[in-house]
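Biologist: I would like a close look at one part of this model. Please take the helix packing beside one of the sheets, then set it in the wider chain.

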Amino acid sequence: GQLPLDLFSAIESLKKELNAVILAHYYQEPDIQDIADFIGDSLQLAKAAQNTSADVIVFAGVHFMAETAKILNPDKLVLLPDLNAGCSLADSCPPKEFAAFKAAHPNHLVVSYINCSAEIKAMSDIICTSSNAVKIVEQIPKEQPIIFAPDRNLGRYVMEQTGRDLVLWQGSCVVHETFSEKKIVELKIAHPQAEAIAHPECETSVLRHASFIGSTAALLKHCQNSSAEEFIVATEPGIIHQMQKLAPQKRFIPAPPINNCACNECPFMRLNTLEKLYWAMKNRTPEITMSEDIRLAALRPMQRMLEMSA
Ligand code: 13P
Ligand code: SF4
């Protein structure tokens, strides 16, 4: 078929026709953020998916996020504009290897970051996101040993914040590991008034230069509330679109990657485009599916998270 001239109004019409809701993560390209019904961090998006009355959820984000929406909504059609929109962090934790890791640590409670596949969720006791990880670990009795998967950087940050000893799965996010400590320091010297802020998926060498660490939603809120006029932002730069919208008078500098040729945009998130969003809605595909066994097993730790972070 042919693309309509005005994709924005064509998507609006399809939204009505399908009774669809478009949920978008902050790392999506600006046009997608602007057409979305709801934008948020992973926890806010999971809650929005849980509460929607729409028949169709169009997920403008990555595969594990759309899967999470499906886990919470088995009867709804969940569309992901590009099925290849994966996640290096989720991919760093294959189910077979994780099952062996779990078996090697009996009596451990498994707390998994939401950035993992439905299979990993199904092997977990509690899910967390970057906005509630500390709060959730703090609610677990001190004597209970814990496996934290798959992000070693968030895991290390939670260990520091809670004083707990966690057994970490050694996964990481390609995007948050590309930031250059050296270039961040140079930027801080060149912009002494700027406040450096970072996502906890960054390495310790970057986190130590940040005066505020939080999920995308927490970073966004911080920029609005802080008295600073300038920020060095160490996370995927898609969030800067919202920062600039909510605080137009402030200045946001994306933290630079180590290699000048590298890009600090998430290659998976950016696979979604307005065109693919249109075709997904028009053709009602690609759809997220999973076996009911996996879904039910993955739902339990998701529900525990939602209860514990209410
Ligand atoms: P949050 O938006 O929950 O902070 O997650 C960041 C991220 O890397 C999502 O892939
Ligand atoms: Fe995964 Fe990192 Fe991309 Fe988030 S930013 S989707 S954690 S690769």
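How near do the axes of helix α3 (residues 42-51) and helix α4 (residues 63-72) come, and at what angle do they cross?

Modeller: This is a predicted model, so read every value below as computed from it. Two packed helices are described by the angle between their axes and the distance between the axes. Here the axes of α3 and α4 come within 9 Å. They cross at roughly 35 degrees. The crossing of α3 past α4 is right-handed.

Now the residues at that contact. From α3 come S42, L45, A46, A49 and Q50. They meet M65, T68, A69 and L72 of α4. By class, this contact has 6 nonpolar and 3 polar residues. Charged residues are absent from the contact of α3 with α4.

S42 leads on to a ligand. S42 of α3 takes part in the contact with α4, and S42 is also among the residues around ligand 1. D41 is listed around ligand 1 too. The other residues there are Y26, N115, T129, S130, S131, C173, H199, E201, S215 and T216. The shell of ligand 1 divides into 2 nonpolar, 8 polar and 2 charged residues.

Next, the sheet with strands β1 to β4. Its 4 strands run in the order β2-β1-β3-β4. The sheet is open and the pairing is parallel. β2 (38-40) and β4 (77-79) stand at the edges, each with a single partner strand, so one side of each has no neighbour in the sheet. From one strand to the next, the twist averages 20 degrees. Strand β1 (residues 20-25) pairs with strand β3 (residues 56-60) in the parallel sense, over 5 bridges. L23 has F59 of β3 as its bridge partner.

Step back to the whole chain. The domain assignment gives domain 1 (7-85 + 269-290), domain 2 (89-174 + 297-308) and domain 3 (181-254). The C-alpha centres of domain 2 and domain 3 are 26 Å apart. Across that boundary, 9 residues of domain 2 are in contact with 11 residues of domain 3. The domain 2 side divides into 3 nonpolar, 4 polar and 2 charged residues.

There is a second open sheet. It has 4 strands in the order β10-β9-β11-β12, with parallel pairing. Its edge strands are β10 (212-213) and β12 (251-254). Each has a single partner strand, so one side of each is left without a neighbour in the sheet. Inside this sheet, strand β9 (residues 195-198) and strand β11 (residues 230-234) run parallel, joined by 4 bridges. A198 has A234 of β11 as its bridge partner.

Then ligand 2. There are 14 residues around ligand 2. C87, L89, C173, V175 and C266 come nearest. C173 is listed around ligand 1 as well. By class, the shell of ligand 2 has 10 nonpolar, 3 polar and 1 charged residues. Domain 1 (7-85 + 269-290) and domain 2 (89-174 + 297-308) each supply at least three residues to this shell.

Last, some backbone points. Most residues other than glycine have a negative phi, and most peptide bonds are trans. The bond from A149 to P150 is cis, with omega near -15 degrees. P150 is in the loop between β7 (146-149) and α9 (152-162). Another cis peptide bond joins T285 and P286, with omega about 5 degrees. P286 is in the loop between α14 (274-283) and α15 (292-308). N107 has a positive phi, near 70 degrees, and is not a glycine. N107 lies in the loop between α6 (95-103) and β5 (109-113).

Terms used. Residues are numbered from 1 along each chain as its sequence is written. Chains are lettered from A and ligands numbered from 1 in the order in which they are written. This is a predicted model: local features need pLDDT of at least 70, side-chain atom pairs count only at pLDDT 80 or more; totals for chains, interfaces and linings use all residues. A residue is near a molecule or strand if its C-beta atom, placed from the backbone, lies within 6 Å of it. Ala, Val, Leu, Ile, Met, Phe, Trp, Tyr, Cys and Pro count as nonpolar, Asp, Glu, Lys and Arg as charged, and the others, Gly among them, as polar. Domain bounds come from an automatic or database domain assignment. Two strands pair if DSSP finds at least two bridges between them. Helices (H or I, at least four residues) and strands (E, at least two) are DSSP runs, numbered from the N terminus. Axes are lines fitted to C-alpha atoms, for helices over the stretch in contact, and angles run from 0 to 180 degrees between N-to-C directions. A crossing is left-handed if the near helix is turned anticlockwise from the far one by less than a right angle, and right-handed if clockwise. Two residues are in contact if their C-beta atoms, placed from the backbone, lie within 7 Å.
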